[in-house]
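Visitor: I have a model in front of me and some words I do not trust yet. Can you take me through them?

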Amino acid sequence: MRQFPLEMHHVAPGRLVEWRLRSTTAPGAADRRASFNQDKHFTVAEESRADGDRVASWVAVTFEVGGALDEEVLARALLGFVQRHEVLRCEFLRLAGEVSCAPLPAGELALEAHDVAVHGSAERLGAFLSERFQRSIDTLSWPLFVMGAVVRPESSTVYLAFDHIVCDGMSMPVVAHQVLTAYEALLRGEEPVLPPAPSYLDFADEQRRRYLSIDADDERLGYWKSFIERNGEFFPRYPLDLGVEPDRMYPIVNEASWLLDAAEAEVFEKVCRETGAKPFMGLLASVAVCLREAGGPGVYRGFMPVSERGREKWNDSVGWFVNTLPIEFDASPGKDFAQVVAGVGEGFREMMRHLDVPFVRAWELLAPEEFALRSWPYAVNFFSYIDMRRCPGAERHEEWRPTTHVWSATGNGTCSWFQRDADGLHMNSLYVDTPAARRTMDDFQEALRRTVQCVARTGGFRRPVGLTAPRRPEPDPRAAARAAGVRG
């Protein structure tokens with residue numbers, strides 16, 4: 001399972017059917033408070049809508065169902081999935097200045113099937129789905145997601161796309177696993193057996209109780225304050241030129257590439273383990289060195305999203321379980337791979353000791369002027385890593401072929417997500433569509449590919465004389481849902 005642009009995902013043509021939710025009763029009282037992430041997201045959507053400049057983003061998952069699709073059974077599986085996750089049944093509202101949500105009763109929901117279209121071209125189908133998600137998903141109106149399938153005689157592609165307010169990237173493998181597990185059980189005439197999935201609304205309540213009352217003098221903000229003191233500002237700037245002007249948003253390039261194949265990724269992991277580090281630490285060390293060699297500083301400072309799902313409790317829940325924290329370490333010239341990786345490990349452990357304070361709350365308290373903005377104020381250094389082989393249902397990924405897709409309307413910087421799966425190590429980046437950014441990101445991706453290949457081949461950053469790492473040919477992105485090297 002990996003993440004790449006929806007437009008480049010080869011979905012074989014077929015008949016499109018969608019299942020639309022309706023409620024047989026009015027929502028209850030809006031008596032549940034939104035999480036800090038949700039509150040900020042909803043507020044930005046409100047403000048941008050008032051100015052006629054819609055800020056929007058969605059996260060989607062697609063997966064395959066073999067054989068002739070039983071549409072009624074799939075509808076039952078989808079309805080059960082929505083009933084199972086309270087956050088998907090919520091309508092978000094602003095009441096008395098606060099963003100709250102009103103969950104609809106699970107038993108009062110129904111699905112209606114609608115034939116949407118028939119497409120004879122995979123290219124047109126991909127563009128159609130992307131446009132449909134953009135038009136249909138609205139932060140300010142329920143439902144906050146789209147569910148459908150591309151139906152063919154011998155197989156079908158199921159798709160679900162969500163506004164970010166109800167989910168995160170780690171929710172996508174949960175979606176695929178639970179919908180397909182329920183579908184297969186119902187097809188056999190059995191009731192689905194799924195692990196517990198506590199409500200994200202309970203997580204949000206707990207988070208609010210713990211952190212709504214803190215102020216800027218709270219000792220738990222000490223890690224953030226020390227970072228700001230060294231960094232000079234709240235947000236760590238992306239150190240390379242993207243050609244962006246202040247206070248301006250740009251259209252987005254959505255690009256993906258393959259960094260290591262499966263065998264190379266295994267060797268890369270072994271090299272990292274031999275230094276006492278995890279693979280993501282070796283990758284982040286490589287990123288830092290590439291940025292430095294391209295003109296960035298010797299000390300890496302950036303943001304890193306961290307899952308708040310815990311070891312067990314929220315693993316099978318859908319929601320926005322993401323905190324974001326700063327990380328810093330020394331990647332200055334002269335340090336070898338083991339030394340830089342050791343710095344990453346030390347920086348990561350220090351960061352994790354301060355995971356408790358929510359990012360949005362720290363932003364609001366320590367950078368209030370920037371918190372009033374609708375986006376991060378400038379291009380921010382950002383690194384995200386997920387090992388998809390550890391996700392729920394990973395043992396069936398080869399068969400189900402689940403794929404994650406993300407989209408954002410506009411931006412003023414760059415974000416990169418790295419994924420490890422059975423096929424290797426991949427990178428998906430969203431960045432501003434400027435000539436400078438295209439050159440910078442092209443050069444960075446190539447440098448990073450060479451660097452991680454070098455680590456896998458030699459155990460370090462330095463390439464011996466005569467060793468070259470040519471650019472890997474980009475496979476045809478239409479070859480399969482898990483194809484690598486796609487570019488949007």
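Guide: Gladly. This is a predicted model. Start with the second largest pocket, which is lined by 22 residues. Val289, Arg292, Glu293, Thr451 and Phe461 lie nearest its centre.

Visitor: What makes a residue part of the lining of a pocket?

Guide: A lining residue has an atom within 4 Å of a pocket point. In the second largest pocket, 22 residues line the space. Helices α8 (279–293) and α13 (435–458) are the elements that each give two or more of them. The largest share, 7 residues, comes from α13. By class, the lining has 9 nonpolar, 4 polar and 9 charged residues.

Visitor: Why is β8 called mostly covered?

Guide: Buried means under 20% relative accessible area. In β8 (residues 145–151), 7 of its 7 residues are buried, so "mostly covered" fits under that cut-off. Phe145, Met147, Ala149 and Val151 point one way, and Val146, Gly148 and Val150 the other.

Visitor: How do you know that β2 and β8 pair?

Guide: Pairing needs at least two bridges. Strand β2 (residues 14–23) and β8 have 4, in the antiparallel sense, so they count as paired. In one of these bridges, leucine 16 partners valine 150. Strand β9 (residues 155–163) also runs antiparallel to β8, with 7 bridges. There, valine 150 stands opposite threonine 157.

Visitor: What puts the buried residues on the same side of α6?

Guide: The buried ones are Tyr223, Trp224, Phe227, Ile228 and Asn231. They cover an arc of only 130 degrees around the axis, so they sit on the same side of α6. They pack against β11, β12, α9 and α10.

How values were computed. Residues numbered from 1 in each chain as written. Predicted model: local features only at pLDDT ≥ 70, side-chain atom pairs only at ≥ 80, totals over all residues. Heavy atoms only, no water. 1 Å grid on protein atoms, 1.4 Å probe; cavity = no way out; pocket = protein on both sides within 12 Å on 5 of 7 lines; lining within 4 Å. Nonpolar A, V, L, I, M, F, W, Y, C, P; charged D, E, K, R; others polar. Buried < 20%, exposed > 50% of the residue type's maximum accessible area, 1.4 Å probe, protein only. Arc of directions from axis to C-beta. Contact = heavy atoms within 4.5 Å.
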